[in-house]
Amino acid sequence: GPAGVYWNPSTTAAGNYTAKGTFTLLKRSKHTNYYGLVFGGQGLEGANQRYTYFTVAQDGTFLIKQRAGETTRDIKGYTPSPAIKKPDASGKSVNALEVRVSGDTVAYVINGMVVHQMPKSELKAATDGIVGFRVNHVTEVQVDGFEVQKS
């Protein structure tokens, strides 16, 4: 199916928190597709949606982007990381993602390893808001342990 953002409007975070989930890619995609966490979500049901997303792909790269309506901007472009588990012979891989917001710092974590960290002020977008996840088109992903923990 098409790419999608999935959320429950009652799953929100503010202040200091950790958003996390474990993403199991169930089979390889025919090309590179990303999936992962969404945070700071505002107006997700409409054309003026705003959020930041932290995603991984089967090729061992991660991506951090922001969406504001139809416009997206890279926070951290396609970046390879040894922390990302690539699909095994069966086409499956499991990656645990976290976004840790604490004070003026946002840390992006894959399988326990901080892969990027930045001042919240450089994000130039809200970190408070709806938390959910994003899955690109034609990608079969199972999400487990999705939660937001207040710090």
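How accessible is N111: buried, partly exposed or exposed? N111 counts as partly exposed, at 27% relative accessibility. The legends below describe close-up views of a predicted model.

**View A. N111 sits in the loop between β8 and β9.** The flanking strands are β8 (105-110) and β9 (113-119). N111 is not a glycine, yet its phi is positive, at about 50°. Most residues other than glycine have a negative phi. Relative accessibility at N111 is 27%, so the residue falls between the buried cut-off of under 20% and the exposed cut-off of over 50%.

**View B. V138 occupies the loop between β10 and β11.** V138 also has a positive phi, near 40°, in a residue other than glycine. Its relative accessible area is 47%. V138 is therefore partly exposed.

**View C. The largest pocket has a volume of about 200 Å³.** Its lining comprises 14 residues. Those closest to the pocket centre are R50, Q66, R67, A68 and A125. Four strands each give two or more residues to the lining: β3 (34-42), β4 (50-57), β5 (61-68) and β6 (71-80). By residue class, the lining divides into 4 nonpolar, 6 polar and 4 charged. A probe the size of a water molecule, rolled over the atoms, shows where empty space is left.

**View D. R67 lies in strand β5 and is among the residues closest to the centre of the largest pocket.** R67 has a relative accessible area of 18%. That value is under 20%, so R67 counts as buried. Its contacts, leaving out residues up to four places away in sequence, are Q49, R50, Y51, Y53, T72 and R134. One of these, R50, is also listed among the residues closest to the pocket centre. The R67 side chain reaches the backbone oxygen of G69 at 3.1 Å. G41 is 26 residues from R67 in sequence. In space, the two C-alpha atoms are 9.4 Å apart.

**View E. Strand β10 (residues 129-135) is largely enclosed by the rest of the structure.** Why is β10 described as enclosed? Because 7 of its 7 residues are buried. Strand β1 (residues 4-13) runs antiparallel to β10, and 6 bridges join the two. In this pairing, Y6 stands opposite F133. Strand β3 also runs antiparallel to β10, joined by 5 bridges. Here G41 stands opposite I130. G41 is the residue whose C-alpha lies 9.4 Å from that of R67.

**View F. Strand β2 (residues 17-25) is mostly covered.** Of its 9 residues, 7 are buried. β2 pairs with strand β7 (residues 93-102) in the antiparallel sense, over 9 bridges. T22 faces A96 of β7 across this pairing. β2 also runs antiparallel to strand β11 (residues 141-150), with 8 bridges joining them. On this side, F23 stands opposite V143 of β11.

**View G. T79 is a buried residue of strand β6.** Its relative accessibility is 17%. A polar atom of the T79 side chain lies 2.5 Å from the backbone oxygen of G77. Beyond four places in sequence, T79 touches G60, T61 and F62. β6 is one of the strands that give two or more residues to the lining of the largest pocket.

**View H. P80, also in strand β6, is exposed.** Is P80 buried or exposed on its relative accessibility? At 63%, P80 is over the 50% cut-off and so counts as exposed. Neighbours within four places aside, P80 is in contact with G60 and T61. G60 and T61 are also among the residues that T79 touches. P80 and V56 are 24 residues apart in sequence. Their C-alpha atoms are 9.4 Å apart in space.

How values were computed: Residues numbered from 1 in each chain as written. Predicted model: local features only at pLDDT ≥ 70, side-chain atom pairs only at ≥ 80, totals over all residues. Heavy atoms only, no water. 1 Å grid on protein atoms, 1.4 Å probe; cavity = no way out; pocket = protein on both sides within 12 Å on 5 of 7 lines; lining within 4 Å. Points joined across faces, edges and corners; volume = space filled by probe spheres on them. Nonpolar A, V, L, I, M, F, W, Y, C, P; charged D, E, K, R; others polar. Buried < 20%, exposed > 50% of the residue type's maximum accessible area, 1.4 Å probe, protein only. Pairing = 2+ DSSP bridges. Polar contact = N/O pair within 3.5 Å; in protein donor to acceptor, adjacent residues only side chain to side chain. Contact = heavy atoms within 4.5 Å.
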